[in-house]
Amino acid sequence: MATNSEPSQAQGQGVQVHGLFKNYESAGVAVSILRDLELTVQPGEAVCITGPSGSGKSTLLYLISSLDRPDAGEVHLLGTDILSLNEKEQAQFRNRHIGFVFQDHDLLPQLSVVENVLLPAIAGEGVTNETEQLAEKLLSRVGLHDRLKSLPAQLSGGERQRVAVCRALINKPELVLADEPTGNLDPATAKVIGDLLLELSREQNTMLLCVTHSIELAARFPRHLVLEDGKLVPASQASLSAIKL
Ligand code: ADP
């Protein structure tokens, strides 16, 4: 039975980060990276985060995905307090609910395109006819229907990143985390990948949280936040130097 203390439906399905602090030690001195950071992402929302290099954007994605622990604060994903899970449960949660896209696609060189896309399914609940069909559908959607059996080395950088986007979506995650997804691409290819990420996450009703130094990419997101002095602020309120890096 629902009680007042339970999260609302919308809260339960989104991302809530509350009072997040993260320090790193540098030459014996604690350096404060994130300071009392707050973030709420609604189900299906696409949010882009920019900020100067070293401001803590990647660190924030690591903390949200439980690949690292904060010094203080709370992270609730889809109603689950992920910091209360043990490492195995966190890994299962990531595999089931989060898709990742990194700057360097991270494909396994010995596996074909379609095998790479299926990897998260293999690591999770196993490959079914349905997941195989979804892999082919996603790869068709990004224009790679005739490259299913190719190896990553036979693809261009942009094509490899399209494969990485399909891989991120194969388990139908509620959340996709993208860390500089267009960082190593030329401007035209970067635009294609940015558009695909946005379109596919919209089609699949997936939350998308993307960090980038690309103002062009950020401008295409419905919501743009800037990481400034350890906190997130709407781009409209951020200082120009933080936006322009
Ligand atoms: P961004 O993604 O905004 O460029 P990062 O999150 O990668 O920034 O890094 C933020 C700061 O934290 C940087 O100064 C970086 O050197 C430092 N940092 C990141 N990870 C570690 C770590 N594991 N140990 C020590 N310092 C780190």
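## A tour of the ligand site and two pockets

Begin at Gly 54, where a backbone N or O atom lies 2.7 Å from an oxygen atom of the ligand. The model on display is a predicted one, and the distances, areas and volumes given below are computed values.

**The ligand and its polar contacts**

Keep the ligand in view and select Ser 55 next: a polar backbone atom of this residue is 3.2 Å from an oxygen atom of the ligand. Then move along the chain to Ser 58, whose backbone places an N or O atom 2.9 Å from a ligand oxygen atom. Taken on its own, the ligand has 560 Å² of accessible area, and the protein covers 55% of that area.

**The shell around the ligand**

Now extend the selection to the residues that surround the ligand: Tyr 24, Ile 33, Pro 52, Ser 53, Gly 54, Ser 55, Gly 56, Lys 57, Ser 58 and Thr 59. Coloured by class, this shell shows six polar residues, three nonpolar residues and one charged residue. Which helix gives the largest share of the shell? Select residues 57-64 to display helix H2, which contributes three residues, the largest share.

**The largest pocket**

Leave the ligand and centre the view on Asn 95, Ile 98, Phe 100, Pro 120 and Arg 167. The largest pocket has a volume of about 390 Å³, and these five, Asn 95, Ile 98, Phe 100, Pro 120 and Arg 167, are the closest to its centre among the 15 residues that line it. To see the elements that give two or more residues to this lining, display helix H3 (87-97), strand E6 (98-101), helix H4 (113-123) and helix H6 (157-169). By class, the lining of the largest pocket comprises nine nonpolar, three polar and three charged residues.

**The second largest pocket**

For the last stop, select Arg 96, Glu 125, Thr 131, Ile 170 and Asn 171, which lie nearest the centre of the second largest pocket. This pocket is lined by 14 residues and has a volume of about 280 Å³. Helices H3 and H4 each give two or more residues to its lining, as does helix H5 (129-141). The largest share, three residues, comes from H5. Colouring the lining of the second largest pocket by class shows six polar, four nonpolar and four charged residues.

To compare the two pockets, display H3 and H4 once more: both helices are listed among the elements that give two or more residues to the lining of the largest pocket, and both are listed for the second largest pocket.

Terms used:
Residues numbered from 1 in each chain as written. Predicted model: local features only at pLDDT ≥ 70, side-chain atom pairs only at ≥ 80, totals over all residues. Heavy atoms only, no water. Near = heavy atom within 4 Å. Polar contact = N/O pair within 3.5 Å; in protein donor to acceptor, adjacent residues only side chain to side chain. Areas by Shrake-Rupley, 256 points an atom, 1.4 Å probe, with all protein chains shown as cover. Helix = DSSP H or I, 4+ residues; strand = E, 2+ residues; numbered from the N terminus. Nonpolar A, V, L, I, M, F, W, Y, C, P; charged D, E, K, R; others polar. 1 Å grid on protein atoms, 1.4 Å probe; cavity = no way out; pocket = protein on both sides within 12 Å on 5 of 7 lines; lining within 4 Å. Points joined across faces, edges and corners; volume = space filled by probe spheres on them.
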